[in-house]
Amino acid sequence: MLAYIHELIDKNQGSISISSFMNAALYHKEYGYYMKKLPFGRDGDFITAPEISQLFGEIIAIWVMHTWEQLGKPPKFSLVELGPGKGTLIHDIIRVTKKYRDFFSSMAIHLVEISPSLQRMQKEKLKGLDINWHEDINNLPKQPTIFLANEFFDALPIDQFVYCNGKWYENRVIKQDNEVSFQCLILESRKKESCVPASVTQATNEKLFNGAVVEVCPVGVEILKKLEEKMVSYRGAALIIDYGYVSSPYKSTLQSVKQHKYVNSLENIGNSDITALVNFQALRDSLKHVDCEILTQREFLYLFGIKERTQALMENVGNEQKNRIFSECLRLTENMGTLFKAMLIRS
């Protein structure tokens with residue numbers, strides 16, 4: 001994988017953007033992290049909310065049914081999950097909603113997954129269920145659609161721009177001996193990409209300090225605009241849950257995880273996860289024709305009944321199970337509760 005990155009750098013006049021680096025490290029068809037590994041769960045590199053507790057999927061199921069009612073109970077609609085992981089979230093949604101016949105019979109489930117290995121895992125977990133798989137969102141049915149994306153946007157490639165003495169630099173990846181490293185290159189000195197993105201120049205008005213970092217995720221904005229287009233054309237809604245911020249911290253949020261521990265993003269390339277906090281303000285700013293609200297994950301889960309569901313699950317079980325259920329609820333609402341945001345969108 002490192003040899004491939006070096007080759008990319010050589011082809012691009014000695015440096016590549018962080019987004020190009022992430023795209024190769026995560027999504028290269030042969031060497032990419034998500035294309036060859038099964039990263040989720042206690043035995044993997046990280047664990048996501050649906051794996052922590054059934055409570056998460058059950059609350060999402062309530063939101064989906066509530067949203068279907070708000071859309072006027074369409075007799076046919078698509079439930080689309082982007083990046084379904086191990087398939088646990090959709091499995092829990094099916095378990096909860098299949099008892100509601102009118103709702104369940106109107107729902108067609110579509111999973112968008114680029115990784116062949118993860119797709120195989122999902123098909124095994126969801127065996128016998130009527131589910132459609134896609135590699136992108138371009139060929140979804142033309143009907144009302146509810147989109148779900150849990151920890152999807154954080155894994156999309158970002159670019160970083162650094163402010164210093166009134167000028168903007170781009171943080172790029174260069175070769176250094178037999179490894180790679182980051183280097184800030186002034187934008188005006190490079191013919192290619194000589195313009196700073198508008199979302200970055202807007203930040204200049206905020207009296208930035210030297211070394212302030214602005215991160216942009218063009219792919220994330222592009223995907224969200226496509227979702228908006230489908231929601232406006234056929235009616236629909238979306239729920240995006242991820243760790244991120246509304247007010248920029250003006251620092252690098254790039255991080256890499258291997259076996260549940262933070263590691264250097266430029267080491268173990270292709271064998272560790274690389275993500276960045278999601279800029280929810282930038283996502284919201286890109287939307288033009290839909291309603292959008294951003295809550296913390298804690299606020300969202302409480303709004304749709306996690307407290308009541310936790311109490312119900314704790315009835316008629318032993319103390320050990322009670323403690324486990326309560327601990328899982330705390331992890332979702334307190335440990336992850338404010339860092340993670342829930343973006344609710346409706347046409």
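**Overall architecture and buried cores of the predicted model**

Buried residues account for 54% of the 347 residues in the protein. The structure described here is a predicted model, and its secondary structure consists of 14 helices and 16 strands. The radius of gyration is 21 Å, which agrees with the value near 20 Å that a compact globule of 347 residues would have. Along the principal axes, the C-alpha trace of the protein spans about 65 × 40 × 35 Å.

Contacts within the chain were examined by their separation in sequence. Of the contacts between residues at least 6 apart in sequence, 76% join residues at least 24 apart. The accessible surface of the protein amounts to about 16900 Å², and carbon and sulfur atoms contribute 47% of this area. The protein carries 41 positive and 41 negative charges, and the mean positions of these two sets lie 3 Å apart.

The interior was then considered in terms of nonpolar cores. The largest nonpolar core has 48 residues, and those with the most contacts inside it are Ile 60, Trp 63, Leu 79, Leu 148, Leu 239, Phe 300 and Leu 332. Helix α5 (residues 54–70) supplies the largest share of this core, namely nine residues. A second, separate core comprises 26 residues, including Tyr 34, Val 257, Leu 266 and Ala 276. The surroundings of Leu 79 illustrate the contacts made by one residue of the largest core. When residues up to four places away in sequence are not counted, Leu 79 touches Val 64, Ile 90, Ile 93, Met 107, Ala 108, Ile 109, His 110, Ile 146 and Leu 148. Among these partners, Leu 148 is itself listed with the residues that have the most contacts inside the largest core.

Near the N-terminal end of the numbering, helix α2 (residues 18–27) is largely enclosed by the rest of the structure, because eight of its ten residues are buried. The buried residues of α2 are Ile 18, Ser 19, Phe 21, Met 22, Ala 24, Ala 25, Leu 26 and Tyr 27. Ile 16 belongs to strand β1 (residues 16–17). With a relative accessible area of 2%, Ile 16 is buried, the cut-off for this class being under 20%. Not counting residues up to four places away in sequence, Ile 16 touches Ile 5, Leu 8, Ile 9, Phe 21, Arg 172 and Val 173; of these, Phe 21 is one of the buried residues of α2. By C-alpha positions, Ile 16 and Arg 309 are 48 Å apart in space, with a sequence separation of 293 residues.

Several loop positions were also examined. Lys 86 occupies the loop between β2 (77–82) and α6 (88–97) and is partly exposed, with a relative accessible area of 24%. Although Lys 86 and Leu 118 are 32 residues apart in sequence, their C-alpha atoms are 6.8 Å apart. Lys 73 lies in the loop between α5 and β2, where it has a positive phi of about 50° although it is not a glycine. The relative accessible area of Lys 73 is 47%, so this residue is partly exposed. A positive phi of about 50° is likewise found at Asn 268, which is not a glycine. Asn 268 is located in the loop between β12 (261–263) and β13 (273–275), and its relative accessible area of 40% makes it partly exposed.

Methods
Residues numbered from 1 in each chain as written. Predicted model: local features only at pLDDT ≥ 70, side-chain atom pairs only at ≥ 80, totals over all residues. Heavy atoms only, no water. Helix = DSSP H or I, 4+ residues; strand = E, 2+ residues; numbered from the N terminus. Rg over C-alpha atoms; globule rule 2.2 N^0.38 Å. Buried < 20%, exposed > 50% of the residue type's maximum accessible area, 1.4 Å probe, protein only. Contact = heavy atoms within 4.5 Å. Areas by Shrake-Rupley, 256 points an atom, 1.4 Å probe, with all protein chains shown as cover. Lys, Arg positive; Asp, Glu negative; His and termini not counted. Charge placed at Lys NZ, Arg CZ, Asp CG, Glu CD. Core = buried A, V, L, I, M, F, W, Y, C linked by side-chain atoms within 4.5 Å.
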